[in-house]
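Here are some short exercises with worked solutions. Have a look at the model first, then work through them at your own pace.

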Amino acid sequence: MPSPIAAACYVVRRAIRLVSFDAFRSLGIPGVSVLKPEDFIRQRVLIEATDWVLFPQTWQLNVLCYAWKRRVFPSPSTYDIGYDKVEQTRVFESLAPAHVPRTLIRAADEGAIEQAIDELGLPLVVKEPRNAMGRGVHLLETRSALRAWCAQHPVLYAQEYLPLSADLRVVWVGDRVLTAYWRRGGDGFHHNIACSAILDYEAIPGAALELLAALARTLGIDHAGFDIAWMDGHPYLLELNVLFGNAGLRQAGVDIAGTIVAHLHERVGSAI
């Protein structure tokens with residue numbers, strides 16, 4: 001059995017080398033070097049000497065993952081699936097179709113308008129494929145409003161309206177649920193914190209957490225805020241946010257930086 005001194009030396013030898021492209025999301029992570037995304041090509045020597053690259057922007061991934069063979073966090077699959085609501089909904093439908101609201105995705109033409117009303121009814125929810133914090137998500141109540149939306153968007157992403165007084169945010173980091181909370185209130189339709197929702201950490205349904213854990217592990221997702229609707233004892237997957245607000249984590253007193261570091265250490269160790 002190694003002595004305490006030898007064990008300490010082993011920890012020092014295995015200290016992981018980190019660079020990050022997001023100073024805010026790297027707060028509390030020890031020893032991380034923060035770089036500007038636009039400078040990353042010029043920093044190739046430094047980047048190639050690291051164990052992990054944290055929070056790159058999407059446009060950097062091809063170089064980092066495929067040209068330079070770097071480990072990135074969040075994982076490539078997290079970025080790939082979370083980047084576009086259309087793509088993530090298709091993934092959800094392929095793995096857990098009973099847990100996805102009725103959804104229509106097709107070219108935004110007159111036929112799409114009629115199909116959406118026939119299949120989803122009014123009101124219905126429309127979403128821009130690439131947006132966050134509740135932006136680009138709208139409740140449309142009339143045919144004329146839907147026609148106006150389609151005139152401004154090439155793709156119609158529409159879902160059935162679920163009348164909710166709250167939705168559930170589940171934060172998944174590494175290989176586990178870090179925290180979960182209800183977002184209650186908001187502006188009457190959006191339940192985001194940015195829309196003045198109130199957070200509630202009580203009575204989180206276990207079935208929602210089990211669904212999320214199975215999905216995240218299957219997909220290799222390691223950093224995401226999942227939004228879930230809970231209707232009549234049944235969870236529905238709404239969307240996945242790769243980058244999410246930390247207000248709910250701070251209020252819960254959760255150490256996200258420590259969780260990330262522990263996960264990165266574990267992943268490096270498993271690759272040796």
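Helices (H or I, at least four residues) and strands (E, at least two) are DSSP runs, numbered from the N terminus. This is a predicted model, in which local features need pLDDT of at least 70, side-chain atom pairs count only at pLDDT 80 or more, and totals for chains, interfaces and linings use all residues. Residues are numbered from 1 along each chain as its sequence is written, and side-chain values use heavy atoms, without hydrogens and water.

**Exercise 1.** Find which elements each supply at least two residues of the lining of the second largest pocket.

*Solution.* A pocket is an open set of points on a 1 Å grid over the protein atoms alone, where a 1.4 Å probe fits, with protein on both sides within 12 Å along at least five of seven lines; lining residues have an atom within 4 Å of a point.
- Step 1: 21 residues line the second largest pocket, with T58, G82, Y83, V242 and L243 nearest its centre.
- Step 2: the elements sought are α4 (76-82), α5 (85-95) and β13 (234-241).
- Step 3: β13 contributes the most, 3 residues.

**Exercise 2.** Work out which strands are at the edges of the sheet β2-β1-β3-β4.

*Solution.* Two strands pair if DSSP finds at least two bridges between them.
- Step 1: the sheet is open, has 4 strands and pairs in parallel.
- Step 2: β2 (32-34) and β4 (72-73) each have a single partner strand, so one side of each lacks a neighbour in the sheet.
- Step 3: β4 pairs with β3 (residues 52-54) over 2 bridges, and F73 in β4 is the bridge partner of L54.
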